[in-house]
Amino acid sequence: MTGWRGVFPAITTQFKSDQSIDMAATAASIERQIKAGVHGIIMCGSLSEASTLDGDEKRQMVKLALDTAKGRVPVLAGTAEATTKGACKFAEDVARLGGGGLMLLPGMIYKSDRRETMAHYRTVARATDLPIMVYNNPPAYGVDINPEMFAELADEKNLVAIKESSDNVRRITDIVNLCGDRYILFCGVDDLILESLMLGAVGWVAGLVNAFPDETVQLYRLAQKGRYDEARALYRWFMPLLHLDVSVKLVQYIKLVQAEVGLGTETVRMPRMPLAGEERERVLAIIRAAVAKRPKLQALAAE
């Protein structure tokens, strides 16, 4: 159903000072990513602050991405609703807009057990013809979809990909051993990407790419070409920044990085607030140290 692979940025939503959506700035961010060579776009994810967007705003974000991408790359919509019924309805909305697929999370707020989790994914899969990337992030959402569950779900044909964010890179091998090549495997943890690619992942749902699109795409291309000495050198430079992706304040951290490199603003929507005090200075020091040593990239052919 899909040839998804490569770098798929989880796009941040740019806000004006009054916390309304800055459509022009968000579109410019999407365009910058595409020009850097990313392979797909994901809207309405955690980094998009989707939990603070209402239904109309989510649909606006999907439409904005589709209008900006103009078919150059697939556009997926994060689907994180409190109810299974709500997820099915949003899937219908995305299909009507012309979206390329869903990145589907478990039901929000309530932490479902195994039986309930399986029923949620099967119900949404059967409510849409869109291809679906299953998002597994037990550290953040308290629901784990383990390899055995993925093996059971393999009969749902439009569950085509997995965004593996369990923070356990062993899962890549366990999924392959149980499911073979049934699923397209994406890494969803920035600071585990090189390990994941070496073990069989073919895609990266990336966060720091919002601020460093060229370096992110370069790292992926180096790994795909098997140029691991160069990939490791770039990864080691990138790692202090990539660590910022695995925090409860990843949105504030990544938006501060964007602001520092001129690719966005720090503005977030409450209840989040921009960083302040010692925490802000600590993160700024990490960013500025990386920028001071930013490597010059050698041109590589696109994959």
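How many cavities of 30 Å³ or more does the structure hold? In this predicted model, the count comes to one. The space in the largest cavity amounts to about 60 Å³. Its lining consists of E164, S165, S166, D167, N168, V169, I172, C187, V189, L192 and S196. By class, five of these lining residues are nonpolar, four are polar and two are charged.

The open space was examined in like manner. The largest pocket has a volume of about 870 Å³. A total of 36 residues line this pocket, and S46, N137, A140, Y141 and L250 are the ones that lie nearest its centre. The lining of the largest pocket divides into 19 nonpolar, ten polar and seven charged residues. Three elements, β3 (75–79), α5 (138–141) and β8 (203–206), each contribute at least two residues to the lining of the largest pocket. Of the elements, α5 provides the largest share, with three residues.

The interior was then considered. The largest nonpolar core comprises 105 residues, and the residues with the most contacts inside it are W4, I41, M43, Y183 and L241. Helix α10 (residues 228–242) gives the most to this core, namely eight residues. For I41, one of the residues with the most contacts inside the core, the partners beyond four places in sequence are F8, P9, I11, I30, Q33, I34, A65, V73, P74, V75 and L76.

Two residues of helix α9 (residues 213–224) were examined, the first being Q218. Q218 is assigned to the buried class because its relative accessible area, 9%, falls under the 20% limit. When residues up to four places away in sequence are not counted, Q218 touches L234, L297, Q298 and L300. With Q298 there is also a polar contact, in which the side chain of Q218 reaches the backbone oxygen of Q298 at 2.6 Å. T216 is likewise found in helix α9. With a relative accessible area of 0%, T216 is buried. The residues touched by T216, again not counting those up to four places away in sequence, are V7, W204, A206, L208, V209 and F238.

The loop between α11 (250–260) and α12 (277–292) contains R269. Is this charged residue buried or exposed? R269 counts as buried, since its relative accessibility is 11% and the class takes in values under 20%. Outside its neighbours within four places in sequence, R269 is in contact with F15, Q19, S20, I21, E49, T52, L53 and E57. One of these partners, E57, is engaged through its side chain, which makes a polar contact with the side chain of R269 (2.9 Å). By contrast with these contacts, a separation of 27 Å lies between the C-alpha atoms of R269 and V291, which are 22 residues apart along the chain. The loop between α11 and α12 also holds P271. A cis peptide bond, with omega about 20°, joins M270 to P271.

Backbone geometry was further examined at two residues other than glycine with positive phi values. For C44, phi is near 65°. C44 is located in the loop between β2 (41–43) and α2 (55–69). The relative accessibility of C44 is 3%, so C44 counts as buried. For I109, phi is near 75°, a positive value in a residue other than glycine. I109 is located in the loop between β4 (101–104) and α4 (114–126). In which accessibility class does I109 fall? I109 counts as exposed because its relative accessibility of 79% is over the 50% limit. The two positive phi values therefore occur in opposite settings, with C44 buried at 3% and I109 exposed at 79%.

Methods. Residues are numbered from 1 along each chain as its sequence is written. This is a predicted model: local features need pLDDT of at least 70, side-chain atom pairs count only at pLDDT 80 or more; totals for chains, interfaces and linings use all residues. Side-chain values use heavy atoms; hydrogens and water are left out. On a 1 Å grid over the protein atoms alone, a cavity is a set of points where a 1.4 Å probe fits but cannot get out, and a pocket is an open set with protein on both sides within 12 Å along at least five of seven lines; lining residues have an atom within 4 Å of a point. Grid points are joined across faces, edges and corners, and a volume is the space filled by probe spheres set on the points. Helices (H or I, at least four residues) and strands (E, at least two) are DSSP runs, numbered from the N terminus. Ala, Val, Leu, Ile, Met, Phe, Trp, Tyr, Cys and Pro count as nonpolar, Asp, Glu, Lys and Arg as charged, and the others, Gly among them, as polar. Buried means under 20% relative accessible area, exposed over 50%, partly exposed in between (1.4 Å probe, protein chains only). Contact means heavy atoms within 4.5 Å. A polar contact is a pair of N or O atoms within 3.5 Å; within protein, one must be able to donate a hydrogen and the other to accept it, and residues adjacent in sequence count only if both atoms are side-chain atoms. A nonpolar core is a set of buried Ala, Val, Leu, Ile, Met, Phe, Trp, Tyr and Cys residues joined through side-chain atoms within 4.5 Å.
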